[in-house]
Amino acid sequence: MAAAFANPVLRRLLRVPPAYYVFAVLLVVLWIARPNMLNLNIMGIFVRQIVPLGILVLGQLLVMRVRSIDLSGGGVILLINYTISSGAFPGASMAFFIVLALAIGLAVGFFNGLMVGVRRVSAVIVTLAVGIVLVGIVQYLSSGKPPGDVPGMFADIYNTKLGPAPTPVIFWVAVSAALSLFLSRTVFGRYVTSVGENVQAAHFSGVPVARTVVLAHTLAGLFAGIAALVQTASIAVGSVRVGLDLPILAVAATILGGVVFGRGEGGVWGPFFGVLSFALLFVVMTTFGVDEPGKLIAQGLIILLAAIFYGIRQRSS
């Protein structure tokens with residue numbers, strides 16, 4: 001009787017993405033070690049810092065749901081940051097920079113989608129190469145030197161609050177909720193699920209597989225453009241390195257949240273809590289005085305444990 005009860009319970013627990021368990025454990029550790037750090041204002045400061053990663057993850061989960069991947073987001077963020085801070089458009093309005101950033105993101109995403117969805121080129125190779133090309137362009141234009149300051153209107157908006165919550169955090173939650181509804185209520189969302197479950201079956205059932213992959217990558221580019229705007233506003237200066245580590249972290253947070261590369265499963269809120277887990281990890285490591293190498297080791301161990309978790313779940317199912 002106990003074994004018959006344990007197996008369904010175990011299977012149900014294994015279906016929960018690791019991000020929720022990691023988030024809960026880190027929250028308990030922080031509550032025991034430094035309960036004063038759980039102040040809403042303090043946590044808002046830390047969470048605000050990972051909003052660019054959270055937005056980039058929304059694009060990453062989309063392409064991974066259709067059995068692809070996007071490693072070009074760092075290049076997109078860097079190029080947009082340079083475009084805004086280089087002074088190439090003196091006196092330009094906020095609306096101009098927003099449209100320009102979104103156009104860059106859409107163009108890069110659409111190119112990635114054509115190469116992966118239509119030309120059937122390896123997503124890893126294409127998106128990694130595109131990211132490297134974009135970084136090279138910025139390095140060439142800037143001669144390897146930080147370009148300058150970002151217009152003050154970016155920082156002014158970034159530092160606003162709605163009540164106790166920072167505006168960027170509210171924006172991230174709203175965009176995540178919108179994507180969740182979009183995937184669950186639209187035809188495109190059903191196409192994404194079908195392609196992720198079985199590409200061949202989706203093709204023979206009439207799903208436009210190539211078009212779905214292209215659109216997923218295009219939307220990922222759009223999210224990268226949005227992430228670039230938030231990241232640029234957060235640092236308020238030009239940089240020749242900003243955003244380069246975010247694509248790998250985006251893949252890690254997405255996997256931690258239950259979207260596994262090559263399986264096409266998962267939702268939006270698992271990766272959302274995957275990003276929050278990295279934010280809490282940063283807070284916990286900082287609280288205990290752990291330096292940057294220690295933080296990288298902890299991130300790697302969490303990802304490794306997530307991979308082991310999925311292996312156990314697959315054997316269980």
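Which backbone oxygen lies 3.2 Å from a polar atom of the side chain of Ser 277? The partner is the backbone oxygen of Ala 19. The structure is a predicted model, in which local features need pLDDT of at least 70 and side-chain atom pairs count only at pLDDT 80 or more, while totals for chains, interfaces and linings use all residues. Residues are numbered from 1 along each chain as its sequence is written, and side-chain values use heavy atoms, with hydrogens and water left out.

It is worth staying with Ser 277 for a moment. This serine sits in helix H14, residues 269-287; helices are DSSP runs of H or I with at least four residues, numbered from the N terminus. Ser 277 has a relative accessible area of 1% and is buried, where buried means under 20% relative accessible area, exposed over 50% and partly exposed in between, with a 1.4 Å probe and protein chains only. Apart from neighbours within four places in sequence, Ser 277 is in contact with Ala 19, Val 22, Phe 23, Leu 26 and Leu 256; contact means heavy atoms within 4.5 Å. Ala 19 thus appears both in this contact list and as the residue whose backbone oxygen lies 3.2 Å from the serine side chain.

Helix H4 comes next. For the 15 residues of H4 (residues 51-65), a rise of 1.5 Å a residue predicts a span of 21 Å, and the end C-alpha atoms are indeed 21 Å apart; the expected span is 1.5 Å times one less than the number of residues. Because 15 of the 15 residues of H4 are buried, this helix is largely enclosed by the rest of the structure. Thr 254, in helix H13 (residues 246-256), is buried with a relative accessible area of 0%. Not counting residues up to four places away in sequence, Thr 254 touches Val 57, Gln 60, Leu 61, Met 64, Val 259 and Pro 271.

Gly 267, in the loop between H13 and H14, is partly exposed at 32% relative accessibility. Leaving aside neighbours within four places in sequence, Gly 267 is in contact with Leu 61, Arg 65 and Val 259. Gly 267 and Arg 65 are 202 residues apart in sequence, yet their C-alpha atoms are 8.6 Å apart in space.

Helix H12 (residues 209-235) offers a second check on helix geometry: its 27 residues should span 39 Å at 1.5 Å a residue, and the 39 Å between its end C-alpha atoms agrees. Of these 27 residues, 21 are buried, so H12 is largely enclosed by the rest of the structure.

Backbone angles deserve a look too. Most residues other than glycine have a negative phi. Ala 236, which follows H12, has a positive phi near 60 degrees. H4 is followed by Arg 67, with a positive phi near 65 degrees; Arg 67 lies in the loop between H4 and helix H5 (73-85) and is partly exposed at 33% relative accessibility. Ser 143 has a positive phi near 55 degrees. Ser 143 is placed in the loop between helix H7 (123-142) and helix H8 (152-158), and is exposed, with a relative accessible area of 57%.

Finally, Leu 304 lies in helix H15 (residues 292-316) and is partly exposed, with a relative accessible area of 48%.

Terms used
Helices (H or I, at least four residues) and strands (E, at least two) are DSSP runs, numbered from the N terminus. A polar contact is a pair of N or O atoms within 3.5 Å; within protein, one must be able to donate a hydrogen and the other to accept it, and residues adjacent in sequence count only if both atoms are side-chain atoms.
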